[in-house]
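Take a moment to turn the model in your viewer before reading on. We will walk through it together, from the overall fold down to a few individual side chains.

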Amino acid sequence: MNTLELIPSDATTESPAGLQVIELANDANPSTLALEGVARIELNFPKFTDGRAFSQAYLLRRRLGFKGDIRATGDVLVDQLLQMQRTGFSSAVLRADQNLAHAQRQLTHFAGFYQGDAAQPQPQFVLHGATA
């Protein structure tokens, strides 16, 4: 199931009216944030080989229970989108040279995953009622 909103680099997105948006540096600890009233947290990928934002997204979603939009910005490639979705991102702004149609296809390759993730914490064997 595709839960990741894909945003072309040239699209303008406005902050939700009256709600706070936080741009979190990729070396910052998400546990120090006051999340009350925050609608979106933007996590930056300064280059595609720097994956610290994946850990931040997972922490925000699973351990801190953040329900708002977690947005990937920066050097966001099609190859990273599936992992972004699985670690808790809900939207991603694609790098200018990335093809939106290809990105959308990338998110439909797998119907599900055996292990749990930020989007679906339960592993497949629990969801389908396997017993010991």
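What follows is a tour of the fold, the sheet, the core and two loop residues.

Please keep in mind that this is a predicted model. The protein chain holds four helices and five strands, and reading along the sequence gives the pattern β-β-β-α-β-α-β-α-α. Of its 132 residues, 39% are buried. Among contacts with a separation of 6 or more, 58% link residues 24 or more positions apart. The chain exposes about 7700 Å², and carbon and sulfur atoms supply 51% of that area.

The sheet is a good place to begin. Its five strands form an open sheet in the order 1-5-4-3-2, with parallel pairing. Strand 1 (5-7) and strand 2 (20-24) are the edge strands, each pairing on one side only. From one strand to the next, the twist averages 20 degrees. As a general reminder, strands of a sheet pair through backbone hydrogen bonds, either parallel or antiparallel.

Now look at strand 4, residues 69-74. Strand 3 is joined to strand 4 by six bridges, and the two run parallel; here leucine 43 stands opposite alanine 72 of strand 4. Strand 4 is also joined to strand 5 (residues 91-93), again in parallel, through two bridges. On that side, arginine 71 has serine 91 in strand 5 as its bridge partner. How much of strand 4 is buried? Five of its six residues are, so strand 4 is largely enclosed by the rest of the structure.

Helix 1 (residues 52-63) lies across strand 2, strand 3 (38-45) and strand 4. Relative to strand 3, helix 1 runs at about 160 degrees.

Next comes the interior. In soluble globular proteins, nonpolar side chains tend to be buried together. The largest nonpolar core here has 25 residues, and Leu43, Leu81, Met84 and Phe89 are the ones that touch the most other members. At least two residues of this core come from each of strand 2, strand 3, helix 1, strand 4 and helix 2 (81-87). Leucine 81 is worth selecting in your viewer: leaving aside neighbours within four places in sequence, leucine 81 is in contact with Leu4, Leu6, Val76, Ala92, Leu94, Ala103 and Leu107.

Two residues in the loop between strand 2 and strand 3 round off the tour. One is leucine 33. Is leucine 33 buried or partly exposed? With a relative accessible area of 21%, leucine 33 counts as partly exposed, because the buried class requires a value under 20%. Beyond its neighbours within four places in sequence, leucine 33 is in contact with Ile22, Leu24, Ile41 and Leu60. The last of these pairs spans 27 residues in sequence, while the C-alpha atoms of leucine 33 and leucine 60 are 9.6 Å apart.

The other is asparagine 26, placed in that loop between strand 2 and strand 3. Asparagine 26 has 13% relative accessibility and therefore counts as buried. Which polar contacts does the side chain of asparagine 26 make? One, of 2.9 Å, joins it to the side chain of aspartate 50, and another, of 3.3 Å, joins it to the side chain of arginine 52. Setting aside neighbours within four places in sequence, the contacts of asparagine 26 are Asn44, Pro46, Asp50, Arg52 and Gln56.

Technical notes
Residues numbered from 1 in each chain as written. Predicted model: local features only at pLDDT ≥ 70, side-chain atom pairs only at ≥ 80, totals over all residues. Heavy atoms only, no water. Pairing = 2+ DSSP bridges. Axes fitted to C-alpha atoms, helices over the stretch in contact; angles between N-to-C directions. Contact = heavy atoms within 4.5 Å. Core = buried A, V, L, I, M, F, W, Y, C linked by side-chain atoms within 4.5 Å. Buried < 20%, exposed > 50% of the residue type's maximum accessible area, 1.4 Å probe, protein only. Polar contact = N/O pair within 3.5 Å; in protein donor to acceptor, adjacent residues only side chain to side chain. Areas by Shrake-Rupley, 256 points an atom, 1.4 Å probe, with all protein chains shown as cover.
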